[in-house]
Each structure stands twice: as structure tokens, then as C-alpha cells.
Amino acid sequence: MNENPFKFGTIVDEPYFTDRIHEIEQVKSIIGSQNHLTIISPRRFGKSSLIMKVANQTDRPLIAIDMQLITSTSDFAAQILKRIYRIYPFERVRQLVQNFRIIPTITLNPVTSQVEVAFLPDSSQVPLLEDVLNLMEKLSAEKKKLLVIFDEFQEARRIHPDLLRQLRAIMQYHKLINYIFLGSQESLIKEIFMKKKSPFYHFGMIIQLKKIPEADFFDFLVSRLKPVNKNASDLAQQIISFTGCHPYYTQQLAFVVWDKCYRKSFNENPVTEAAGDLISMHDMDYERWWMNLNKTDKKLLIGLSLSNKTPLSEAFYRKYDLGASSTVFSSIKRLMENGYIIKVDTKYEIDDPFFGQWLRLRREA
Ligand SMILES: Nc1ncnc2c1ncn2[C@@H]1O[C@H](COP(=O)(O)OP(=O)(O)OP(=O)(O)O)[C@@H](O)[C@H]1O
Ligand SMILES: [Mg+2]
């Protein structure tokens, strides 16, 4: 074996994919029914990989939109229509688009041979959304129901304050589409699907994706490290204790460890040395993150990097000089929204274990 068996950063499937057996069954069963699905997790836990794995096992057409890249409601409608053109026959789509109340400009990009779609930015929103979303329902078929994925769906609120309400008003009538919403800003996405007054309250089934179970990740690591190191179990254990089974960081660290073992380019401990490499590689980013944090957030992160106690305890406030509980609450909220910390079951932890180690090293220096 001479190709690194670990992969991080993009969507993974076999042979880089492990576990999620129960989740795969859940997703299959939901999209095989009349229901819609929401997958929630912190960033890089494997939402996209999970949904794509299941989607690829079907031969159903798929439209995926990353809401982070959408600038307005008309842009949203245009991006969906562009993808409709990609998967359904051009002539059929063209004829149906002729009945739209607001006619888009359609051009063929000569370089990519892809259809480009634009609506006038001040087009009136509701007919635009209705025409485009209802077109998906018209084109979809009972035997090959369309799958529509909205990634980072919490962004809908930023795009337009009325967008959620408008979307739900249209989508609720669709019978030939399964909508799949992904979200990584947990508090925001939960407000959309779990708050009674939200238009999307109980719109579909919610799956909260967790880290990958330790036993499974351990076997995954051992089997891939074995060919390059005789102490594979030891290495796997060390990797897992460093990353806490975070899917992305575990694969990232394992990638560098494998490389070091393969090239025999380590002195004593490949795991510690690999982590050291990754920390110095990101030193500039961490420095920048740190400079942009306020005092309370810094104290809270230092506390989390050094202690196993919950930041909501008296002992924690006192030890790390945090002041009132309300200050701690708002700091936690802010740090979660910005992705610095995540909540795992009931515990708060620093999302990036290399950043945690960077902090500890800085404190000791
Ligand atoms: N089932 C899995 N088995 C092994 N590694 C995984 C698995 N799922 C995810 N990963 C690791 O996590 C990384 C991120 O996965 P993915 O992009 O699917 O997550 P995401 O939750 O969609 O992330 P984002 O929040 O950035 O959209 C992958 O590149 C891979 O390294
Ligand atoms: Mg994703």
C-alpha cells in the first residue's frame, strides 16, 4: 500500500467512510417515505458525506444548494433553476419556464457548456419562488422522486427575513420531493425546526449527528495504520485521545501519522510529532483567531483547554476569573455560533483539538 488511506476536508465515501450504519438506515427510511429530513451537527462531523452516501445508492435525481453562497431570494431561485436545467431535459424545462410569471434570462456558458440563469434582482419574490419550486414538483416523478438538499439552511434567515415563511408555504404542498436540510449552527437551525412559532416547526424528522463511536473509529485507524507501523493499536489510541473522535480532525491527524510512518520520518512518537506539525502549520490562523477574541472569550477558552470541568460551574468561573454566570452564558453562545466550541452530549469542548493544544503550549511557554 502506498497511497495514504485517510481523507479529510471533502465529502468521503468508501474506503474513507466508516460507521454511520444506524444513521444510513434512518436516512434511507425517511427519504424513502413522504417525509422531509433535517441533519444537524457541528461543522465537519460528516453531514454531507452521510447524505451523499445514501443519495448515491439511489438513482434519484438530486439538487443541492449551499445557502451560504446565496445572496438574495432571486439568486436562490436562479441557482435552483440552473440545477433543474442540469438534471432534466432542456426542452422540457424550457417549455415549462415559458409559463413563469417572471421570465429569467437563460444563457449558455460557452466555456462550461452550462446553462446560466438570472432573474432581475428586484423581481417580486413570491411568484418567483413559487414558479421555481413548483417546477421541481412538476418535473419530479413518483418512481424517481427528486431529492433537494439545502446545506447550511440556517442562512435562509440572512438571505431574507421572509424567506423561511415563503418557502414553507410552497413546500408544504409538494408530494414528489424529499427536502433535506443540513445545518451546522446548531442554535440557529434548532430555532428553525424546533421552535413552535417557526414556520418550519416539525417540518420533518431531525437527526442529530454525533461523533463517530470510538470502537469503530479505532478499528478503522488500526486496519489502515497496521501496514506502516507495528504499534498501530497504540497509535490509534493516541490519535483518538487527542482528537476525541472528531471525524475530520481524526482523519487529518491520522493522515499525517500515516505519512510519517510510511516515510519513516519521525524520531520517537509519530502522533505527537504529527500533531506538532499540524499546530505549526496553523499557527498563523490561531494567532489571528486569538487576536480577534474578547477577554471573556479568551478566558473561557483557556479554561476549556486546561480543565475538564463544565464552564457553567462556580469552580470554573472562579478559577478562570470569569465573573457573572450571565457573562459566561453569552460567551458560550458567541463561541458556539462562531464555531470555536461545540457541545458534545452535555459537555462543552473546543472544536479544534489542535487549537486547544496550541493554547496549552502558549500558556506553558
Ligand atoms: N463516516 C465517516 N467516516 C470517516 N470519516 C468521516 C465520516 N464522515 C466524515 N468524515 C470526515 O469528516 C470530514 C468532513 O465531512 P463532511 O464534509 O461530510 O462533513 P460536514 O458535516 O458536511 O461538514 P461541513 O460542516 O463543513 O459542511 C470528511 O472529509 C472526513 O475526513
Ligand atoms: Mg457539508
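A polar contact is taken here as a pair of N or O atoms within 3.5 Å. I kept that cut-off in mind while going through this predicted model.

**Ligand 1, polar contacts.** I looked up the side chain of Gln251 and found that one of its N or O atoms is 2.7 Å from a nitrogen atom of ligand 1. I then turned to the backbone, where a polar atom of Lys7 is 2.6 Å from an oxygen atom of the ligand, and where an N or O atom of Gly46 lies 3.0 Å from an oxygen atom of ligand 1. Next I noted the surface: ligand 1 taken alone exposes 630 Å², and the protein buries 95% of that.

**Ligand 1, shell.** I counted 20 residues around ligand 1, among which Lys7, Thr10, Arg43, Ser49 and Gln251 come nearest. Sorting the shell by residue class, I obtained eight nonpolar, seven polar and five charged residues. I also checked which helices take part, and recorded that α2 (47-56) and α11 (247-263) each supply at least two residues of the shell. When I went through the pockets, the space taken by ligand 1 came out as the second largest.

**Domains.** I took down the domain assignment, which gives domain 1 (21-208), domain 2 (214-281) and domain 3 (284-364). Why does ligand 1 lie between domain 1 and domain 2? I put it there because both of these domains give residues to the shell around the ligand. For the same pair I noted that the C-alpha centres of domain 1 and domain 2 lie 38 Å apart.

**Backbone before α1.** Most residues other than glycine have a negative phi, and most peptide bonds are trans. With that in mind I looked for exceptions, and I found a cis peptide bond joining Glu14 and Pro15, with omega about 0 degrees. I located Pro15 in the segment before α1 (21-31). Asp19 is found in the segment before α1 as well, and there I noted a positive phi of about 55 degrees, although Asp19 is not a glycine.

Key:
Residues are numbered from 1 along each chain as its sequence is written. Chains are lettered from A and ligands numbered from 1 in the order in which they are written. This is a predicted model: local features need pLDDT of at least 70, side-chain atom pairs count only at pLDDT 80 or more; totals for chains, interfaces and linings use all residues. Side-chain values use heavy atoms; hydrogens and water are left out. A residue is near a molecule or strand if one of its heavy atoms lies within 4 Å of it. A polar contact is a pair of N or O atoms within 3.5 Å; within protein, one must be able to donate a hydrogen and the other to accept it, and residues adjacent in sequence count only if both atoms are side-chain atoms. Accessible areas come from the Shrake-Rupley method with a 1.4 Å probe; for residues, only the protein chains shown count as cover. On a 1 Å grid over the protein atoms alone, a cavity is a set of points where a 1.4 Å probe fits but cannot get out, and a pocket is an open set with protein on both sides within 12 Å along at least five of seven lines; lining residues have an atom within 4 Å of a point. A molecule sits in a cavity or pocket if more than half of its atoms lie within 2 Å of its grid points. Helices (H or I, at least four residues) and strands (E, at least two) are DSSP runs, numbered from the N terminus. Ala, Val, Leu, Ile, Met, Phe, Trp, Tyr, Cys and Pro count as nonpolar, Asp, Glu, Lys and Arg as charged, and the others, Gly among them, as polar. Domain bounds come from an automatic or database domain assignment.
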